[in-house]
Amino acid sequence: MEIIEKKIRKDWKEFILINNYKMQVNILNFGGIITKILTPNKYGKMENVVLGYKNYTDYENDPFYFGSIIGPVAGRIPQAKFRLNGKSYQLEPNEGDNLLHSGVIGFHNKMWDVKKSQNSDRVGIKLFYTLDDEKFPGKIHVEVSYTLTNNNDLILDYNAKSTKDTIITLTNHTYFNLSGNLKDTIHNHYVNFESDSILELDDTLIPTGNKLDTTNTTFDFRKSRKLGDGLSNNHLQHKLVQNGYDHYFIFHKKDENNIIVREPTSGRKLTITTDQPGMVMYTANTLEEGLELTERTSGKYLGVCFETQASPASLFYKDLPNILLKKDEVYKQKTTFSFEIE
Ligand code: FUC
């Protein structure tokens, strides 16, 4: 087990976690961005399974949020406005009139403090950041730890506390591509998880408040389904997001859920285990063409994000996974990414 610390530019550092089987995870102190994950394919060849930029400067103000920590509120808030305890909060919109991934106060663009940790069977870093912005309720202290084990698990643990009642739902925005070194798009990734409903979106990608039953649609992943099925399907909800998935899926269980992702050619299997009540699955429908990535140039459907989180739509509609955090209470979320071959 090993941690390598590399100076990138100015105060940017990259922390490289390596386990005894040469699985490797690279993380920046800027945005907590995962820039690379090396895992073996079925022949034992180590390859990168995430999207990363060739040039580190491209991570600054990245409209695609590659690999970063998203918060304090992941997802979209209509009109960048919400009410809490009878008070109105107006944030700075960054997508038309709406707010995506918290905009300028977002954690994806912040320098985080870092502490390293290591013992015989795991290696990791913990990132620290305190949000203190008059436009947002409370001073919020956040800690995110990244741990790599000798079982090829990458564990993301989030913790937060606020000095006032506030809203929070954190996630990570890594784009996975299990083909290895971006050999292929994600059409041939098979995905399986327990959910029978999504939040319906309007044409600005804001939830309408309706839950759609996914039975007999390309949004039903209770049986393993190829992502390609939904990328070229005529369902209005696929069309609205520029053909693909960009929806919040509500999980069956409240405590622990698994998302299983398989890519048969490489033999890679990724199991994501989370304590979150749902996730946004985003298939890079709007990813720009021609950006210089680590192994090739970017294109539509080159990666898939599994953004495990609660839903900001709960601010406006009842009975949705809520994002309220009471003063001095502890926010926790844990999502593990386990890599295997088969
Ligand atoms: C996701 C999506 C958005 C957006 C962004 C880059 O989280 O929900 O639609 O395009 O990523």
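This report walks through the strands, cores, ring pairs and a few chosen residues of a predicted model.

## A six-stranded sheet

Let us begin with the strands. Six of them form an open sheet with antiparallel pairing, in the order E17-E26-E25-E22-E19-E20. At the edges are strand E17 (175–176) and E20, and each of these pairs on one side only.

Two of the pairings in this sheet are worth tracing on the structure. E22 and E25 are antiparallel and share five bridges; across this pairing, Asp246 faces Tyr282 in E25. Strand E19 (residues 195–201) and E20 also pair in the antiparallel sense, over four bridges, and here Leu201 stands opposite Pro207 in E20. E19 and E20 make a hairpin with five residues between them. Look for Leu205 in that turn, where phi is positive, at about 70°.

## A nine-stranded sheet

Another open sheet holds nine strands, in the order E11-E12-E13-E14-E28-E24-E23-E18-E21, and its pairing is antiparallel. Strand E11 (113–118) and E21 stand at its edges with a single partner strand each, so one side of each has no neighbour in the sheet.

Inside this order, E14 and strand E28 (residues 330–341) run antiparallel and are joined by nine bridges. One residue to find here is Tyr158, whose bridge partner in E28 is Gln333.

Lys161 gives another view of E14, since its place is in that strand (residues 153–162). Is Lys161 buried or exposed, or something in between? Its relative accessible area is 42%, so Lys161 counts as partly exposed. In sequence, Lys161 and Lys327 are 166 residues apart, yet their C-alpha atoms are 7.3 Å apart in space. Beyond residues up to four places away in sequence, Lys161 touches Lys139, Ile140, His141, Leu325, Asp328, Glu329 and Val330.

## Nonpolar cores

The largest nonpolar core has 68 residues. Which of them touch the most other members? They are Ile37, Tyr146, Met281 and Phe306. Met281 shows how varied such a neighbourhood can be: setting aside residues within four places in sequence, its contacts include Val191, Phe193, Phe221, Leu227, Phe249 and Phe306, along with Asp246 and His247.

Apart from this core lies another, of 25 residues. Trp12, Leu28, Tyr59 and Leu291 are among them.

## Aromatic rings

How many aromatic pairs does a search of the whole structure find? The count is 21. One of them joins Tyr56 and Tyr59 in a tilted arrangement, with 6.3 Å from centre to centre and 45° between the planes. The two partners sit in unlike surroundings: Tyr56 is partly exposed because its relative accessibility is 24%, whereas Tyr59 is buried because its relative accessible area is 2%.

Phe219 and Phe249 form a tilted pair as well, 6.3 Å centre to centre with 40° between the planes. Phe219 lies in the loop between strand E20 (207–213) and strand E21 (225–226), while Phe249 lies in strand E22 (residues 246–251), so this pair ties together parts that are 30 residues apart in sequence. Both Phe219 and Phe249 are buried.

Ring pairs can also join into a cluster, and one such cluster links Tyr53, Tyr56, Tyr59, Phe66, Tyr175 and Tyr282. Elsewhere, a charged residue meets a ring: Arg9 lies over the face of Trp12, 4.6 Å from the ring centre.

## Two buried polar residues

Glu47 is located in strand E5 (residues 46–48). At 3% relative accessibility, Glu47 is buried, because the cut-off is under 20%. Its side chain makes a polar contact of 2.5 Å with the side chain of Lys183. Not counting residues up to four places away in sequence, Glu47 touches residues including Ile37, Asn41, Ser179, Lys183 and Arg268.

Gln276 is found in the loop between strand E24 (268–274) and strand E25 (278–282). Its relative accessible area is 6%, so Gln276 is buried too. A polar contact of 3.0 Å joins its side chain to that of Asp275. Leaving aside neighbours within four places in sequence, Gln276 is in contact with several residues, among them Thr169, Phe251, Asn257, Thr308, Tyr331 and Gln333.

Notes:
Residues numbered from 1 in each chain as written. Predicted model: local features only at pLDDT ≥ 70, side-chain atom pairs only at ≥ 80, totals over all residues. Heavy atoms only, no water. Phe/Tyr/Trp six-rings, centres within 6.5 Å; stacked < 30°, edge-to-face > 60°. Buried < 20%, exposed > 50% of the residue type's maximum accessible area, 1.4 Å probe, protein only. Lys NZ or Arg CZ within 6 Å of the ring centre and 35° of its normal. Polar contact = N/O pair within 3.5 Å; in protein donor to acceptor, adjacent residues only side chain to side chain. Contact = heavy atoms within 4.5 Å. Core = buried A, V, L, I, M, F, W, Y, C linked by side-chain atoms within 4.5 Å. Pairing = 2+ DSSP bridges.
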